Amino acid sequence: MVAMVPAESFWWYDTVGAHFELTDRTTQLHTLLRSFGFGDEVMGWQISRLSTGERQRLALIRTLVTRPRVLLLDEPTSALDRAMVAVVEETVGEICIEEQCICLWVSHDMEQLVRVSNRVFRVEGNGFSEEGLS
């Protein structure tokens, strides 16, 4: 299964909880909510009240609980502060290792790419080149 978290996620229901299926992954959902700075009450929140960063974190959680085999992330931390960026980087890394998930992480932040990647590619013009990791 391939899952993508775009830079700006889509929300089709009025409340956060309506976007999540509470199944056998409920424990993982609650763990991720706490890790990403939310309490269980977030499930009752209106989407319209969420900040960009909250929507970004919740979209990532919504995707991670589906246990994708390939994870495509487009600027997943662009609206987050440094502390939450670190949490997201660590959590995504741990999940990818545990689930043996392949992750393609798109970012304009080269330092972040060095932290989260085994290989880094730079898109330029009509092609791309591999960057050396320091």
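These legends go with a set of close-up views of one predicted protein model. Residue numbers start from 1 along each chain as its sequence is written, and side-chain values use heavy atoms, with hydrogens and water left out. Since this is a predicted model, local features need pLDDT of at least 70 and side-chain atom pairs count only at pLDDT 80 or more, while totals for chains, interfaces and linings use all residues.

**View 1. The whole chain, with its four helices and five strands.** Helices here are DSSP runs of H or I with at least four residues, strands are E runs of at least two, and both are numbered from the N terminus. Going along the sequence, you meet them in the order β-α-α-β-α-β-α-β-β. The C-alpha atoms sit in a box of roughly 45 × 30 × 25 Å along the principal axes. For 134 residues a compact globule would come out near 14 Å in radius of gyration, and the chain's 15 Å agrees with that; the radius is taken over C-alpha atoms, and the globule rule is 2.2 Å times the number of residues to the power 0.38.

**View 2. Inside and outside of the chain.** Some 39% of the 134 residues count as buried, where buried means under 20% relative accessible area, exposed over 50%, and partly exposed in between (1.4 Å probe, protein chains only). The accessible surface is about 8200 Å², and carbon and sulfur atoms account for 51% of that; these areas come from the Shrake-Rupley method with a 1.4 Å probe, and for residues only the protein chains shown count as cover. Take the contacts (heavy atoms within 4.5 Å) between residues at least 6 apart in sequence: 63% of them join residues at least 24 apart.

**View 3. Helix H1 and its two faces.** In H1, residues 26-35, the buried residues are Gln28, Leu29, Leu32 and Leu33. They end up on the same side of H1 because they cover an arc of only 135° around the axis, the arc being that of the directions from the helix axis to the C-beta atoms. Their packing partners are helix H2 (52-64) and helix H3 (82-99). Look at the face turned away from that buried side and you find Thr27 and Arg34, both exposed. Just after H1, Gly37 has a positive phi of about 85°.

**View 4. Trp45 in the loop between H1 and H2.** With 18% relative accessibility, Trp45 counts as buried. Leaving out residues up to four places away in sequence, Trp45 touches Asp14, Thr15, Val16, Phe38, Leu50 and Glu54. Thr15 is 30 residues from Trp45 in sequence, yet their C-alpha atoms are 5.5 Å apart.

**View 5. Two loop residues with positive phi, neither of them glycine.** Arg67 has phi near 55° and sits in the loop between H2 and strand S2 (70-74). Its relative accessible area is 35%, so Arg67 is partly exposed. Gln100, with a phi of about 55°, is in the loop between H3 and strand S3 (102-106). Here the relative accessible area is 61%, so Gln100 is exposed.

**View 6. Gln112 in helix H4, residues 110-116.** Gln112 counts as buried, at 2% relative accessibility. Not counting residues up to four places away in sequence, Gln112 touches Thr77, Val85, Glu89, Trp105 and Ser107.
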